[in-house]
Amino acid sequence: MRRTVLALSAVLGVGALATAAFAQQPQLPPPDDWHATGRYLPEYTKDGDLVLPKNFHEWVYVGSPTTPNFLNPPQANFPEFHNVYIEPGSYEIYKKTGVFPEGTIFVKELQLLQPATNPDGSRTEPSGKGFFPGAFNGADVTVKDTERYKASHGWGYYNFNHHEPKAATAKVRPVEECGYCHIANAKRDDVWTQFYALLDQVPLPPGPKPSK
């Protein structure tokens, strides 16, 4: 009987220690619960420059339009792959509301092509003939803030270099340099959703539909 009591006590003791150790571990929310983890919002220097967003490669990837230099001689305005990411918390809100919330951040990282092996600028790989991504080549960032960026329709546009390394901070670009093209041609809230099915498939919110 005494052996049984001692054994039971040992088991209970180990269980209590395990429970205590587990209780001390941080209880993290599910990875997709961005309302619990919080949004990553724009960071600015004391002079008002935008800080290059942190860890954007871990954000939601929405697509990669491609404008090869070979097809846009002597060089495309945005060579060559445009890998676009949206801040995850903003994307969750957009999916539910159909509206990009204040503080939404898009990062467009440019990526060069692998060297061509064919006269048309493409190269041939085991998967076939085409354009294949190579080295990173700088980035552009867009931020939604209807008060801060009134002059450019509520969005701010930043260039963190079109080469490596990327700049640590950047100044907002004038509307005639970037914003005007988005305002005139982008499908939805000055965002090129027509090129990104992940964004374009989200239903529009109720109410009057945009004119473009």
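## Exercises on a predicted chain

P165 lies in the loop that connects β8 with β9 (169–170), where helices (H or I, at least four residues) and strands (E, at least two) are DSSP runs numbered from the N terminus. The model is a predicted one, in which local features need pLDDT of at least 70 and side-chain atom pairs count only at pLDDT 80 or more, while totals for chains, interfaces and linings use all residues. Residues are numbered from 1 along each chain as its sequence is written, and side-chain values use heavy atoms, with hydrogens and water left out.

**Exercise 1. Find which residues P165 and P74 are joined to by a cis peptide bond.**

Begin with P165: the cis bond joins E164 to P165, and omega is about 0°. Then turn to P74, which is found in the loop between β2 (60–63) and β3; here the cis bond joins P73 and P74, again with omega of about 0°. As background, most peptide bonds are trans.

**Exercise 2. Describe the surroundings of H153, starting from its place in the chain.**

First, H153 sits in the loop between β7 and β8, and its phi is near 70°, a positive value in a residue other than glycine. Next, list its contacts (heavy atoms within 4.5 Å): apart from neighbours within four places in sequence, H153 touches I183 and D190. The side chains of H153 and D190 make a polar contact at 2.8 Å, a term for a pair of N or O atoms within 3.5 Å in which, within protein, one must be able to donate a hydrogen and the other to accept it, residues adjacent in sequence counting only if both atoms are side-chain atoms.

Now follow the partner, D190, which belongs to the loop between α4 and α5 (197–200). D190 also has a positive phi, about 65°, although it is not a glycine. With a relative accessible area of 4%, D190 is buried, since buried means under 20% relative accessible area, exposed over 50%, and partly exposed in between (1.4 Å probe, protein chains only).

**Exercise 3. Decide how many disulfides the model holds, and why C178 is in none.**

Start from the criterion, a pair of cysteine sulfur atoms within 2.5 Å. The sulfur of C178 has its closest cysteine sulfur in C181, at 9.0 Å, and this is too far for a bond. By this rule the count is 0 disulfides. C181 itself is partly exposed, with a relative accessible area of 28%.

**Exercise 4. Work out what lines the largest pocket.**

The term needs care: on a 1 Å grid over the protein atoms alone, a pocket is an open set of points where a 1.4 Å probe fits, with protein on both sides within 12 Å along at least five of seven lines, and lining residues have an atom within 4 Å of a point. The lining consists of 26 residues, of which F78, K108, D140, H182 and W192 lie nearest the centre. By element, β8 contributes the most, with 4 residues. By class, the lining divides into 16 nonpolar, 6 polar and 4 charged residues, where Ala, Val, Leu, Ile, Met, Phe, Trp, Tyr, Cys and Pro count as nonpolar, Asp, Glu, Lys and Arg as charged, and the others, Gly among them, as polar.

**Exercise 5. Say what stands at each end of helix α3.**

At the N-terminal end, E87 acts as a cap, with a side-chain oxygen 2.9 Å from the backbone nitrogen of G89. Within the helix (residues 88–97), the buried residues include P88, G89 and Y94. After α3 comes G98, whose phi is positive, near 75°.
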